[in-house]
Amino acid sequence: MVTPTTAPELAEPHLRGLLASIGLDVEYVRGSGDTLYYRDTDGAEIPVLDLVGGYGSLVFGHNHPRLVERARELLEQQVPVHAQFSYHPYANELAHELNTVLRRELGVDEPYHALFGNSGAEAVEIAMKHAELDRVVRVGALRARVAETWAAVQASAPAVPADVTERLELPDTATLDDVVAAAARLNEESFTRAPVFLALEGGFHGKLAGSVQLTHNPGYRMPFSALAAQARFVPAAPGATAAAADAERAEVIVPEVVDGVLRLTVERSPVVAALFVEPVQGEGGIRVLDRTVAAEIRSVADEAGFPVVVDEVQSGMGRTGRFFAAAHSGLAGDYVLLAKGIGGGVAKSSVTLIRGSRYQGDFELVHSSTFAKDAFSVHIGLEVLRMLEEDGGAAYARAAERGAALRAELEAVRAEFPDVVSDVRGEGLMLGVEFADLTASPDPVLAENAAHGLIGYVLAGHLLRRHAVRVFPTASAPHTLRAEPSIYLTDEAITQFGSALRELCGLLRKEDGAALLPV
Ligand code: F0G
């Protein structure tokens, strides 16, 4: 046996080196609520206030006793964790519970079907695959209908006027058969257009081969751009979605006969497979979707006929004060994605909800995973839902109240250090603190780390070592620290974070970069 201290690092050694260089290579040995514990050299447990909260997956904190008890119960009862290709009534129960919440918060009036997976990225890829299957089916139906219409028109032998041959760039001597063939060629170009996914700038939807194409950060996406269908990125600004949908417009030529003469009309052929949107961008730096943009996304999608996928992987499960963060802007997706929080911090699972009228049942026969819809994760998901929904939704009220308390503290810090903290934003317990740009700082530590996108990690390293507060920026928003604690966040924890930030802001105001580095 090699001992951990002498063995070379084989498990992601590069990351370990990076974490060590900024003092983040701590091994946590226990987690409870919003506290993680590591051991000092004497073996004593040292508590750390964890505001990272599993990047938003710990709505009830680490190892909530009720969820741990439920997990223990399930294992003691010998629930068959893996019983694929059999009936899972508990999965149906979870789907019904989620539908109840969808109806209440988003006013949807038709059932949504549930497809189960393992992670956030898998929920995204299930949505991508299903949306593409649905698009292919719709293209197929359109192709058949257009072909039938052309055949009927051809059989009725209408006159071919000059504007028709001109439009198809045919000589005016062209026959009806020539016209039919030319239109069929052009239509085929539209029918065979590669699918396009629309996604918002700054968005994050995972890092698997398909989902990474929807993740805006080029560092994550570009090396793998040849692996799958590409996204067109849309600014989260008024007018942008309509412009993007227009730019991807494809049409097919459909004939009609008026008074024995051939006329051409056009119909839209589906190219956009889906538009992906987070109600609150998480990895993108805690950006709440604008209500006007949300309404425009819904109306453009309805007009163009493509579905909206609302990615609630991070924002969902209650942390914003509603079960679905989209409830704040009223954006009812055709697909709604959940992961992270539905595992209650002790299981890994995801659910892709799909509006009944868009649902392709055949998808179930072509997509599966060994681990999806396993009894353990689904039962934990049901328990999490009960904990959120019971007592008249007290958990949502608590998320909103704790979020407001945390936000007030962050706003107070900003008021004291307006030159250092440039923004505080978010919804409920999904909050971001943005620091002013430090790339032009005279302090080389601050300027260089800011230029390399590492400044947030340097700030996080300092908060951890000096104040025992764990908080992170993201690669896509390196100046923004995000806080996504549990709904049990205490007043003491808020004060601890506030004091830690004040000390940090003092150092930044003095431009004392050296004080932020590990000794
Ligand atoms: N969608 C959203 C909105 C996410 O925030 C994430 C992950 C995913 C999908 C992918 O989920 O990691 O389970 O495959 N976000 C993390 C973050 C990693 O940094 O915010 P996953």
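Four elements each supply at least two residues of the lining of the largest pocket: helix H1 (13-21), helix H2 (53-56), helix H5 (120-155) and strand E18 (472-474). H1 gives the largest share, with 4 residues. The model is predicted.

How much space lies in the largest pocket? About 1400 Å³. The pocket is lined by 43 residues. Closest to its centre are Tyr-55, Phe-204, Lys-207, Lys-340 and Arg-482. By class, the lining holds 19 nonpolar, 13 polar and 11 charged residues.

**The ligand**

Where does the ligand sit? It occupies the largest pocket. Around the ligand are 14 residues. The closest of these are Gly-120, Ala-121, Asp-311, Gln-314 and Arg-482. The shell divides into 4 nonpolar, 5 polar and 5 charged residues.

Arg-482 appears twice here. It is among the residues closest to the centre of the largest pocket, and it is among the closest to the ligand. Lys-340 also belongs to the group closest to the pocket centre, and its side chain has an N or O atom 3.1 Å from a ligand nitrogen.

Three polar pairs link side chains to the ligand. The table lists them.

| Residue | Ligand atom | Distance |
|---|---|---|
| Asp-311 | nitrogen | 2.7 Å |
| Lys-340 | nitrogen | 3.1 Å |
| Arg-482 | oxygen | 2.9 Å |

How much of the ligand does the protein bury? Taken alone, the ligand exposes 480 Å². The protein buries 81% of that area.

**The second largest pocket**

The second largest pocket has a volume of about 900 Å³. Its lining is made of 29 residues. Nearest its centre lie Ala-114, Leu-115, Phe-116, Glu-364 and Lys-373. Which elements give two or more residues to this lining? They are helix H4 (89-106), strand E4 (112-117) and helix H11 (363-366).

H4 provides the largest share, 6 residues. Strand E4 spans 112-117, and Ala-114, Leu-115 and Phe-116 are among the residues nearest the pocket centre. Helix H11 spans 363-366, and Glu-364 is also one of the residues nearest that centre.

By class, the lining of the second largest pocket has 15 nonpolar, 11 polar and 3 charged residues. For the largest pocket, the charged count is 11.

Note on methods. Residues numbered from 1 in each chain as written. Predicted model: local features only at pLDDT ≥ 70, side-chain atom pairs only at ≥ 80, totals over all residues. Heavy atoms only, no water. 1 Å grid on protein atoms, 1.4 Å probe; cavity = no way out; pocket = protein on both sides within 12 Å on 5 of 7 lines; lining within 4 Å. Points joined across faces, edges and corners; volume = space filled by probe spheres on them. Nonpolar A, V, L, I, M, F, W, Y, C, P; charged D, E, K, R; others polar. Near = heavy atom within 4 Å. Polar contact = N/O pair within 3.5 Å; in protein donor to acceptor, adjacent residues only side chain to side chain. Areas by Shrake-Rupley, 256 points an atom, 1.4 Å probe, with all protein chains shown as cover. Sits in = over half its atoms within 2 Å of the grid points.
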